[in-house]
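Me: I would like to go through this model and ask, for each descriptive term, what it rests on. Please set the values against the cut-offs where the reasoning needs them.

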Amino acid sequence: MKNHVLRPLFVVLGMVALILIARMFIVPRDFGIGDRGYMYGWHRRGNEEDWKKFKVKYMGKEYCKDCHTDKYDSINKTPHHIIPCEDCHGPAGTPEGIVHYDEKLPKLPIDKSRAQCLRCHFPLPYPTSFRSKIRGIDPDKHNPDIECSTCHNPHNPMEGLR
Amino acid sequence: MISRRKFLKNAALGIAGMSIPLAALEIIDPKKLFAEVAADKAAVRWAFLVDTYKCVGCGMCVKACKLENEIPYDANVTRTWVERYVLTKTGKLYADTPKGARDGFTTAKIDENADGIKDISKEGIEKAFFVPKLCNQCDNPPCVQVCPVGATYQAPDGVVLVDRTWCIGCGYCIMGCPYGVRFFHPVYHTAEKCNFCYHRITKGLKTACVQACPFGARQIGNIKDPNDPVTITMRTQRVGVLKSEYGTKPQVYYIGLDEEVR
């Protein structure tokens, strides 16, 4: 066959070879179909480990217990025992992986805003929702402009006013 | 010249041969069979249970999720959110989720976006409730099927993950999800979604939203464990899933789901 007919064929073959060689370097070694097959499991397996290494920030109530035993015990005797510490005090961990008792981390900022308390205590009388069972106040009439914790102790809301 | 008898015989044979499916000719490899049985015995399949009666719409879950998973706090995107549904006695439905309920619901006024703010009187309410939403970690995830590069996938324990180093940001998965749980991460510019706090559940912790919920409205469990509280509730109570008609087999189950919820 004439050379000018075969030449494009060689060019195409060369391109295919080039792509296959490049592919060997670009596609990670652990890339393949996982346990879920081609349709749902085609991925880089190392990414599962990448996600597992993500830093935990919310440590949970039991984490606070050993140092802040007094607060832990007192709130547990009140209806507020269902609220985890970190809901108001913020997460104990940071994205850098430093956790609260570490000296590098400043004091946890406490959310004392009225909006924080109103998340539950703004009255919404919705039938079929537990929200209707929680006692609420009208924020426009009930001592506006002062923080709730000025009078109420969030760790012991039933003890009476401060 | 072919005889009539021979022609009919060959035709019948040919048709019979064509009707045999290819699968019938496959020789089953015992090793492969055993491997498939073993693979199905994966000990973990994560599933989520939401009790809409218990949810009060405080939004602590949304706040915890954003901080735990490093989703920019003031960006209007979130991996989980809480919707409020208010059905009036006149049959009208109102629903809103201001900032994804990051700051809870601290007003009776309902933000209907373009339709304006609606103030519904206490007497006019027929029923009203809150519905937390998150990724359903479907058994047949449509978002995974449409990914052209294999950046999103289902882990062996059922959780759908996104590989941030591999995602090209085409957005097909965001379009493909019938539940609208996916979005672009404002910092990484890759597809982002709830992954049941994969870094926590694989360490034996609960997800950040489950831990932050004071009312126990959210639960996560392993439905391959018959003694898991979530499995027991799912077996013994009436639970529903969202948009089952899509065939995605979602794995977030709801107690007290109403037909108005979509």
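Me: What share of the residues in chain A is buried, and what makes a residue count as buried?

Reply: In this predicted model, buried residues make up 22% of the 162 residues in chain A. A residue is called buried if 20 or more other C-beta atoms lie within 10 Å of its own, so the 22% are the residues that reach that count. For chain B, the corresponding share is 39% of 262 residues.

Me: How do you know whether chain A has the radius of gyration of a compact globule?

Reply: A compact globule of 162 residues would have a radius of gyration near 15 Å, whereas chain A has 30 Å, so by the globule rule of 2.2 Å times the number of residues to the power 0.38 the chain does not have the value of a compact globule. Its C-alpha trace spans about 100 × 45 × 30 Å along the principal axes. The secondary structure of chain A comes to seven helices and two strands, in the order α-β-α-β-α-α-α-α-α from the N terminus on.

Me: And what is the radius of gyration of chain B, set against that of a compact globule?

Reply: Chain B has 25 Å, where a compact globule of 262 residues would have a value near 18 Å, and its C-alpha atoms fill a box of roughly 90 × 45 × 40 Å along the principal axes. As for confidence, the mean pLDDT of chain B is 92, with 97% of its residues at 70 or more, while the model scores ipTM 0.89 and pTM 0.86.

Me: Why is helix 3 of chain B called mostly covered?

Reply: Nine of the nine residues of helix 3 of chain B are buried, and since buried requires 20 or more other C-beta atoms within 10 Å, each of the nine meets that cut-off. Among them are B:Lys63, B:Lys66 and B:Glu68 as well as B:Cys61 and B:Ala64. The cover comes from both chains, and includes helix 6 (85-89) and helix 7 (114-121) of chain A together with strand 2 (81-88), strand 6, helix 7 and strand 11 of chain B. Just after helix 3 of chain B, B:Glu70 takes a positive phi of about 55°.

Me: Which residues of chain B have the most contacts inside the largest nonpolar core?

Reply: That core has 70 residues, and those with the most contacts inside it are B:Phe48, B:Cys61, B:Ala64, B:Phe196, B:Cys209 and B:Ala212. Helix 3 (residues 60-68) of chain B gives the most to this core, with six residues. Leaving aside neighbours within four places in sequence, B:Phe48 is in contact with residues including B:Leu134, B:Phe196 and B:Ile220.

Me: Why do strand 11 and strand 12 of chain B count as edges of the sheet?

Reply: Three strands of chain B form an open sheet in the order 11-1-12, with mixed pairing. Strand 11 (218-222) and strand 12 (252-255) of chain B each have a single partner strand, so one side of each is left without a neighbour in the sheet. The twist averages 25° from one strand to the next.

Me: How many bridges join strand 1 and strand 11 of chain B, and what makes them a pair?

Reply: Pairing needs at least two bridges, and strand 1 (residues 46-51) and strand 11 of chain B have five, so they qualify, here in the antiparallel sense. In strand 11 of chain B, the bridge partner of B:Val50 is B:Arg218.

Methods
Residues numbered from 1 in each chain as written. Chains lettered and ligands numbered in written order. Predicted model: local features only at pLDDT ≥ 70, side-chain atom pairs only at ≥ 80, totals over all residues. Helix = DSSP H or I, 4+ residues; strand = E, 2+ residues; numbered from the N terminus. Axes fitted to C-alpha atoms, helices over the stretch in contact; angles between N-to-C directions. Core = buried A, V, L, I, M, F, W, Y, C linked by C-beta atoms within 7 Å. Buried ≥ 20, exposed ≤ 12 C-beta atoms within 10 Å, placed from the backbone. Contact = placed C-beta atoms within 7 Å. pLDDT = per-residue confidence, 0-100.
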